[in-house]
Amino acid sequence: MLHYLNTIRLRSTRMFLTITRIMLPVMVIVYIADRLGLVRLAGEALTPAMALLGLPPEAGIIWATTALTNIYGGMASMAALSESMHMTTAQVSALGAMMLFAHNIPTEQSVVRRAGASALVTGALRIAVALVYGAAVCWICRALDVLQEPVSLAWMRQDAGLTQGPPDFWPWVLSTLQSLALVLAVIVGLVVLLDVLERLGITRLVTRLLTPVLRLSGLEERAAPLTTVGVLLGLAYGGALIIEAAERENYSPRTRLLALSWLSLCHALIEDTLLIMALGANVWVILVLRGLATLGVLAALAALTRPGTAWGRRLEAPARQAPAP
């Protein structure tokens, strides 16, 4: 028993330290950028793009804040801007889906890079899919005259005064420490849970059930349990598991790219979806159709990177050139 607990402790600590070394420097950089007003400038630069998508100008600030910080940061920006903003259900749903596709990009794509996929490619994929999906939702809903009822943001205004301006230093430090403590607790729980599921044979059952989806997405079956964890709970947790498993099981570059692209586009499915639903977004738009869109993107990416294709050969080239251990 002591040997088992010590194994769990060492494995969890190693994964936590790996993730912390990646996340903490990026979180500090983003905090400094926010203090300097660079996040708001980025949002204001997106105003023309928001108009093209059919969203109000303020949506640029909300999405930029979300993309550079996290969904909570985006919601805080929305609270601060709620008095001047008037949006329909379709617009809130489109913006909410964009926030779900592309949030906390500096930190999360740093995790992706450490796990073995290109942070630039997966980050660009998140932004591109968010823009295309957001535009499609706005344009189609307007053309079909659906989800055009106004959404009241009045309930957010009571907190708007607290969210304007950059955050104070010590509350940010406390929040960051709490986030890291939560990451550690979740990693320990996941390590124990995955070990139990493996011993009970449930992991193999889940993998068999996911086989049709995996075949469509191009993933190896052995990557299914870890990818599923990330999809349900979050990229940091799934990424930590994939970092460890990739080193232990030697995933191919293609499997890493597909698994991490999936996690980049669709993760923390429960918590994040509930947050965006609270803003007044339509669940079909931000959950069901977003999930189908993710599978469509993954299927296209799997086809483009099949062995023998130009992209497939480019992915495998570094692995072939790497010296034998």
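**Exercise 1. A loop residue.** N104 sits in the loop between α6 and α7. Find the sign of its phi, then decide whether N104 is buried or exposed.

*Solution.* Some ground rules come before the steps. The model is predicted: local features need pLDDT of at least 70, side-chain atom pairs count only at pLDDT 80 or more, and totals for chains, interfaces and linings use all residues. Residues are numbered from 1 along each chain as its sequence is written, and side-chain values use heavy atoms, with hydrogens and water left out.

Step 1. Helices are DSSP runs of H or I with at least four residues, strands are runs of E with at least two, and both are numbered from the N terminus.
Step 2. Most residues other than glycine have a negative phi.
Step 3. N104 is not a glycine, yet its phi is positive, about 50°.
Step 4. Buried means under 20% relative accessible area, exposed over 50%, and partly exposed in between (1.4 Å probe, protein chains only).
Step 5. N104 has a relative accessible area of 17%, so it is buried.

**Exercise 2. A second positive phi.** Where is A268 found, and is it buried or exposed?

*Solution.*
Step 1. A268 lies in the loop between α15 (253-265) and α16 (269-278).
Step 2. Its phi is near 50°, a positive value in a residue other than glycine.
Step 3. The relative accessibility of A268 is 5%, so this residue counts as buried.

**Exercise 3. Aromatic pairs.** How many aromatic pairs are there, and what is the geometry of the rings of Y31 and W172? Then classify the rings of F101 and Y133.

*Solution.*
Step 1. Rings of Phe, Tyr and Trp (its six-membered ring) pair if their centres lie within 6.5 Å; planes under 30 degrees apart are stacked, over 60 edge-to-face, and the rest tilted.
Step 2. That rule gives two aromatic pairs.
Step 3. The ring centres of Y31 and W172 are 4.4 Å apart and the planes are at 25°, so this pair is stacked.
Step 4. Y31 belongs to helix α1 (residues 2-35) and W172 to helix α11 (residues 169-200), so the pair ties together parts 141 residues apart in sequence.
Step 5. Both Y31 and W172 are buried.
Step 6. For F101 and Y133 the centres are 5.4 Å apart and the planes are at 70°, so this pair is edge-to-face.
Step 7. F101 is in helix α6 (residues 89-101) and Y133 in helix α8 (residues 119-144), so parts 32 residues apart in sequence are tied together.
Step 8. F101 is buried at 0% relative accessibility. Y133 is buried at 11%.

**Exercise 4. Two arginines around F101.** Where does R290 lie relative to F101? Then work out what surrounds R126.

*Solution.*
Step 1. A charge sits over a ring if NZ of Lys or CZ of Arg is within 6 Å of the ring centre and within 35 degrees of the ring normal.
Step 2. R290 lies over the face of F101, 5.7 Å from the ring centre.
Step 3. R126 is part of helix α8. With a relative accessible area of 0%, R126 is buried.
Step 4. Contact means heavy atoms within 4.5 Å.
Step 5. Leaving aside neighbours within four places in sequence, R126 touches F101, A102, H103, I105, E108, Q109, S264, L265 and H267.
Step 6. A polar contact is a pair of N or O atoms within 3.5 Å; within protein, one must be able to donate a hydrogen and the other to accept it, and residues adjacent in sequence count only if both atoms are side-chain atoms.
Step 7. The side chains of R126 and Q109 make such a contact, at 2.5 Å.

**Exercise 5. A covered helix.** How many residues of helix α4 are buried, and which helices do they pack against?

*Solution.*
Step 1. Helix α4 covers residues 58-68, and ten of its eleven residues are buried.
Step 2. Among them are E58, G60, W63 and T66.
Step 3. The buried residues of α4 pack against α2 (38-45), α3 (47-53), α5 (71-81), α6, α7 (105-115) and α8.

**Exercise 6. The whole chain.** How many helices and strands does the protein chain have, and what is its radius of gyration?

*Solution.*
Step 1. The protein chain has 18 helices and two strands.
Step 2. Of its 325 residues, 47% count as buried.
Step 3. The C-alpha trace spans about 60 × 45 × 40 Å along its principal axes.
Step 4. Among contacts between residues at least 6 apart in sequence, 79% join residues at least 24 apart.
Step 5. The radius of gyration is taken over C-alpha atoms, and the globule rule is 2.2 Å times the number of residues to the power 0.38.
Step 6. A compact globule of 325 residues would be near 20 Å, and the protein chain has 20 Å, which agrees.
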